[in-house]
Amino acid sequence: MSPPLPLHPGARPNVRRSAFRAALAVVTATTVTAAAFTMAGTGARAADGDVANSVLADLTIADVPAAGLDAFTGVFGTAGSPPNGGLDNGDLSDPSGVLDYLTVRGQAVARTNAEPEKNWAQAQASGFTLSLNDRDYLSVGSLDAYAECIPAPIGPLALAYARTDSNTIGVLGRQVPTGTTQLEVTGAELGADDVSTATLTVQYDQIEDPAGGGYQPQSSARAGLDITITGVLRDEDGEELYDGPLVDVELGHVDVTCDGTTSPPVTTPPVTSPPPTDPPITIPPVTVPPVTVPPITVPPVTDPPITIPPITVPPVTVPPVTVPPITLPPTTPPVTKPPKPTPTPTDPGPSHKPEYGYGDHSER
């Protein structure tokens, strides 16, 4: 993990700064005085050695006349707790004037707590809108950032998370995901009369250390959102007017360590063995003569022949089968009819010819 970078006036210790913020601070240093951002009120500036810190919004605007931007830096919503310092409900008085540029929606929360059992820090809001040149430069949905550290003997254990709406933000009305995104815009969108076109580079980082939203074996934790916008501004002829940082916004930065906790460590008393009082006993070496075992001869084993007696199958006698006689019923002989007698003629037939008929009747 890289060491923290120097903080600008009004920022809280122990909240890590990006390299971009360090460069942007150099750009604005000549026009911003430290007196303008002296924090006031309870919780406005954390004392050295705080083990839990929370900053709801940390805003830096570069001095870029071509883009219509004036230099500004300030923080809103801060809390810090020293070791075993208990609960700090935070300062929401806005002495640096961040709310002149940044609208915080819903209930703003920045609070910390440091107890023997654990240190934790929290930052919450329903949403944010950054307005510059009467334009909504940046919009962010709801944010819930939390970091916690539990000391020994249970730990050290740490967890951190930064939850937002869909992990997207809006830049000049365009949806931007986490990571690096380039946008081509016009001077009218920026509200800059001298600018014709511009290329904006948006770096949106969601910080969770340790990652995953669960306890990890480490002695510090931090969470929050970092949003930086740089730009290349060009005039009508395409000539470059400016190339550099424009805006840096850090939201919901929470930072805790396990330092300063007073949970008593578990101490196990050392076990001391009493010194030996008896002289050591020396056992002379014992030499065992070699034992010779005579060879053992095993006589061959002969199996006697096996004789299988013949198997005699007795003859099988099938008894004769006697079929009983079949008696047929008596048959009635057919009825014999006597032959029909042939009639015997007794009278001779007539011998005369008929007196009528066809033929020759001349002999009559």
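**A colleague's note on the strands, sheets and ring pairs**

1. Let me start with a small register detail: Leu-87 has Asn-113 of β5 as its bridge partner. That bridge belongs to the antiparallel pairing of β3 with β5, which runs over 3 bridges. Please keep in mind as you read on that this is a predicted model.

2. Staying with β5, this strand covers residues 109–114 and is mostly covered, with 5 of its 6 residues buried. On to the next strand: β5 is joined to β6 (residues 119–125) by 6 bridges, and the two run antiparallel. Within that pairing, Thr-112 has Ala-121 of β6 as its bridge partner. The connection from β5 to β6 is a hairpin through 4 residues.

3. Now for the sheets. One of them is open and built from 5 strands in the order β4-β7-β8-β11-β12, with antiparallel pairing. Its edges are β4 and β12 (174–177), each of which pairs on one side only. From one strand to the next, the twist averages 20°. Inside this sheet, β8 (residues 135–140) and β11 (residues 168–171) pair in the antiparallel sense over 3 bridges. If you would like a residue to look at here, Leu-138 has Val-171 in β11 as its bridge partner.

4. Another open sheet has 6 strands in the order β2-β1-β16-β15-β14-β13, again with antiparallel pairing. At its edges stand β2 and β13 (179–186); each has a single partner strand, so one side of each is left without a neighbour in the sheet. Neighbouring strands here are turned against each other by 10° on average, ignoring direction. At the β13 end, β13 and β14 (residues 197–209) pair in the antiparallel sense over 8 bridges. Among the residues involved, Glu-184 has Thr-199 of β14 as its bridge partner.

5. The side chains deserve a look too. The structure holds 3 aromatic pairs. In one of them, the ring centres of Phe-72 and Tyr-101 are 4.7 Å apart and the planes stand at 45°, so this pair counts as tilted. Phe-72 lies in β2 (residues 72–81) while Tyr-101 lies in the loop between β3 (86–88) and β4 (102–105), so the pair ties together parts that are 29 residues apart in sequence. Phe-72 counts as buried because its relative accessibility is 6%, under the 20% cut-off. Tyr-101, at 25%, counts as partly exposed.

6. Tyr-101 also leads to Ser-131, a residue of strand β7 (residues 127–132). Leaving aside neighbours within four places in sequence, Ser-131 is in contact with Tyr-101 and Asp-136. With Asp-136 there is a polar contact between the two side chains, at 3.4 Å. Ser-131 has 29% relative accessibility and so counts as partly exposed. The C-alpha atoms of Ser-131 and Thr-103 are separated by 8.0 Å, although the two residues are 28 residues apart along the chain.

7. One more aromatic group to bring up on your screen: Trp-120, Tyr-146 and Tyr-161 form one aromatic cluster. Tyr-161 has a charged companion as well, for the charged end of Arg-163 sits over the Tyr-161 ring, 3.7 Å from the ring centre.

Note on methods
Residues are numbered from 1 along each chain as its sequence is written. This is a predicted model: local features need pLDDT of at least 70, side-chain atom pairs count only at pLDDT 80 or more; totals for chains, interfaces and linings use all residues. Side-chain values use heavy atoms; hydrogens and water are left out. Buried means under 20% relative accessible area, exposed over 50%, partly exposed in between (1.4 Å probe, protein chains only). Contact means heavy atoms within 4.5 Å. A polar contact is a pair of N or O atoms within 3.5 Å; within protein, one must be able to donate a hydrogen and the other to accept it, and residues adjacent in sequence count only if both atoms are side-chain atoms. Rings of Phe, Tyr and Trp (its six-membered ring) pair if their centres lie within 6.5 Å; planes under 30 degrees apart count as stacked, over 60 as edge-to-face and the rest as tilted. A charge sits over a ring if NZ of Lys or CZ of Arg is within 6 Å of the ring centre and within 35 degrees of the ring normal. Two strands pair if DSSP finds at least two bridges between them. Axes are lines fitted to C-alpha atoms, for helices over the stretch in contact, and angles run from 0 to 180 degrees between N-to-C directions.
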